Amino acid sequence: MQGSHSVNIRNFFVPGPLGRIPVRLYQPAREAADDSKLPLVMYFHGGGFVSGSLDDADTPARFIAQHGQAVVLSVGYALAPAKPFPAAPEDAFAAATWACKHAAEIGVDLARMVVAGDDAGGGLAVALTLMTRDRCGKPLAAQILISPMLDPSMRMIGDAGRLQSDLTAEKCAASYRQYLPQTMQRLHPYAAPLEVSRLAGLPAAFIATAERDVLCPEAEKYASSLIRAGVPTQVSRFAGITHGALSTHLPLLKEVVNFLRCRFASLQGNDDHHPYLPFKLTPSTAL
């Protein structure tokens, strides 16, 4: 495929507040003489805050590294019920802090640091944007949210039967009960982004939703809130796709890479002449 590269992958641990955090680093293979810094994408897997692993994020992480000319750091955060909120977002922040401290070692440009995730990982990516702002961390270049979990109140959740969704309200409720055992935690901004009113100044966003997904309404509601707050936001809904299939859906992965390429080109001021050429998307029967 256009712009593809082989990828070097290694697993290791980084320090976290509750112990070691497993991570997987994806680095595009380059010529030995090429010491230029690449963008960094931090990716958080799905699993409803109670399951999932680095393996679940392998397809999107590998695709972004291979075709997006970026280093990807996939993070295996703490899971409930053994480690409920705020363990997961604190792990996300600790991994981001590690990446900033070791930017030279892994060859990344912190001016092009992005957070991304699907399902619960999308919720953690949002939490990390808020934590970074609130704690005066390194400003992020963008956020990529793929069918994210954003609303513990579940006021906007869709009807699984009507949508033919593979994810149900009952599954979401069970996950949130384990992740947020205390009632007041469901109003915390790092757990309930839809409750946040101060969104101005957050990084540009790409939000992907699936038509056959009960989480589609809340993700698109968050997108509209970002737009009202003046945050550059791109929203794509994929027709006929379920929640579980979206993160590995090829048209979605191509759009993610195109969004990143355009975003990085804009940051570098090279909108007319730059190496981040978009994919020529071929119409899909799934669209």
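A residue is taken as buried when its relative accessible area is under 20%. By this criterion Ala219, at 1% relative accessibility, counts as buried in the present model, which is a predicted one. Ala219 belongs to helix α7, the segment spanning residues 216–228. Leaving out residues up to four places away in sequence, the contacts of Ala219 are with Pro148, Leu150, Ile207 and Thr209. His243 follows 24 residues away along the chain, and the C-alpha atoms of Ala219 and His243 are separated by 12 Å.

His243 also appears in the surroundings of Ser147. Ser147 is placed in the loop that runs between strand β6 (142–146) and helix α5 (160–163). Its relative accessible area is 3%, and Ser147 is therefore buried, the limit being 20%. When residues up to four places away in sequence are not counted, Ser147 touches Asp119, Ala208, Asp213, Leu215, His243 and Leu246.

At the level of the whole chain, the secondary structure consists of nine helices and eight strands. For 287 residues, a compact globule would be expected to have a radius of gyration near 19 Å; the value for the protein is 18 Å, so the two agree. Along the principal axes, the C-alpha atoms occupy a box of roughly 55 × 45 × 35 Å. Of the 287 residues, 55% are buried. The accessible surface amounts to about 12100 Å², and carbon and sulfur atoms account for 53% of this area. As to charge, the protein carries 26 positive and 25 negative charges, whose mean positions lie 3 Å apart.

The contacts were also examined by separation in sequence. Among those between residues at least 6 apart, 76% join residues that are at least 24 apart.

In soluble globular proteins, nonpolar side chains tend to be buried together. In this model the largest nonpolar core comprises 67 residues, and Met42, Leu73 and Tyr222 have the most contacts inside it. Apart from this core lies another, of 30 residues, which includes Ala61, Val114, Ala141 and Ala142. With neighbours within four places in sequence left aside, Met42 is in contact with Leu73, Val75, Ala92, Ala95, Ala96, Met113, Val114, Val115 and Ala116. Leu73 is thus found both among the contacts of Met42 and among the residues with the most contacts inside the largest core. Val114, a member of the core of 30 residues, is likewise in contact with Met42.

Notes: Residues numbered from 1 in each chain as written. Predicted model: local features only at pLDDT ≥ 70, side-chain atom pairs only at ≥ 80, totals over all residues. Heavy atoms only, no water. Helix = DSSP H or I, 4+ residues; strand = E, 2+ residues; numbered from the N terminus. Rg over C-alpha atoms; globule rule 2.2 N^0.38 Å. Buried < 20%, exposed > 50% of the residue type's maximum accessible area, 1.4 Å probe, protein only. Contact = heavy atoms within 4.5 Å. Areas by Shrake-Rupley, 256 points an atom, 1.4 Å probe, with all protein chains shown as cover. Lys, Arg positive; Asp, Glu negative; His and termini not counted. Charge placed at Lys NZ, Arg CZ, Asp CG, Glu CD. Core = buried A, V, L, I, M, F, W, Y, C linked by side-chain atoms within 4.5 Å.
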